[in-house]
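Here are a few notes to read alongside the structure. Take them in order, with the view open beside you.

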Amino acid sequence: MRSWSYLLISLASLAHAAPPAQVEIAYELTRNGSTMADVVDRLEHGNGNYQLTETWKGKGVFALLGRAKRTSHGTLAGDVLQPLEFVDERTGRDTARAWFDWKAKAVTMRYKGRTRTEPLPDNSQDGLTFLLLFSFIPPPAEPMAFHVFNGRGGSEHVYQVAGRERVTVPAGQFDAVKLLRGKNGDRGEIWLATAHNHLPIRIVVIEKDGVRYEQVATRITIP
């Protein structure tokens, strides 16, 4: 597997348009086929910086779970999202936070009153940016590994391209690149719309216990 830095050098030479300066994607999230929440992701970027905001609103029996808001802000380093701070706020739960110090190569996380600092690998993202990573750089032909930190901990994700498909979601029909992830019993699939800057339009996660989460785009808005 090629190193992250080598991939970035290789990808930099490829023509790939970044997403619009402002874009909003609405999703429907289901759990084992039952509607769980409406999710809205909003991306704003420009002048070398970005801001990401995600809001959740529970539906049906899941409305009792309340709301959730996740935010991320940081810089664009050579068209790569480089988070500086990630915050995860949810009704009835402690807020999880992560701060990224790229000069010191350290990530500090705070959750349930505990703070800890860990080494920060070069190929790191947070709980929001990793889904939009391929909107700024094209999905590589070879497997791509990166670490994801969400304030509670970190994990390594390895995605590889599994081909192209025509995907139908409530937002419409899209030609898409399909990515696959599988490790320790967890499986993930992401479909990226090729004509819409590789924005994620469908996401499927199957956990070790077989619980299936699916997130499909219901609307894409570009102001």
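1. A word on terms before the tour: helices and strands here are DSSP runs, with at least four residues for a helix and at least two for a strand, and both are numbered from the N terminus. On that basis, the protein chain has 2 helices and 15 strands. Keep in mind that this is a predicted model.

2. How does the radius of gyration of the protein chain fit with a compact globule? A compact globule of 223 residues would come out near 17 Å, and the protein chain has 17 Å, so the two agree. If you prefer to think in box dimensions, the C-alpha trace spans about 45 × 45 × 40 Å along its principal axes.

3. Now for what is inside and what is outside. Of the 223 residues in the protein chain, 43% are buried. The exposed surface comes to about 11,100 Å², and carbon and sulfur atoms supply 49% of that.

4. On contacts and charges: take the contacts with a separation of 6 or more, and 41% of them join residues 24 or more positions apart. As for charged side chains, there are 28 positive and 24 negative ones, and the centres of the two sets lie 3 Å apart.

5. Have a look at helix H2, which covers residues 129–136. How many of its residues are buried? The count is 8 of 8, so H2 is mostly covered, taking buried to mean under 20% relative accessible area. Among the buried residues you will find Phe130, Leu131, Leu132 and Leu133, as well as Thr129 and Ser135.

6. Next, find Arg164 in strand S11, which takes in residues 154–169. Is Arg164 buried or exposed? Its relative accessibility is 66%, and because the exposed class starts over 50%, Arg164 counts as exposed. Setting aside neighbours within four places in sequence, Arg164 is in contact with Ala176, Val177 and Thr194. Glu28 is 136 residues away along the chain, and the C-alpha atoms of Arg164 and Glu28 are separated by 23 Å.

7. Last stop: Thr91, in the loop that links strand S5 (80–90) and strand S6 (96–101). Thr91 has a relative accessible area of 48%, so Thr91 falls between the 20% and 50% cut-offs and is partly exposed. Leaving out residues up to four places away in sequence, Thr91 touches Leu65, Gly66 and Arg67. Leu64 is 27 residues from Thr91 in sequence, and their C-alpha atoms are 9.4 Å apart in space.

Conventions. Residues numbered from 1 in each chain as written. Predicted model: local features only at pLDDT ≥ 70, side-chain atom pairs only at ≥ 80, totals over all residues. Heavy atoms only, no water. Buried < 20%, exposed > 50% of the residue type's maximum accessible area, 1.4 Å probe, protein only. Contact = heavy atoms within 4.5 Å. Rg over C-alpha atoms; globule rule 2.2 N^0.38 Å. Areas by Shrake-Rupley, 256 points an atom, 1.4 Å probe, with all protein chains shown as cover. Lys, Arg positive; Asp, Glu negative; His and termini not counted. Charge placed at Lys NZ, Arg CZ, Asp CG, Glu CD.
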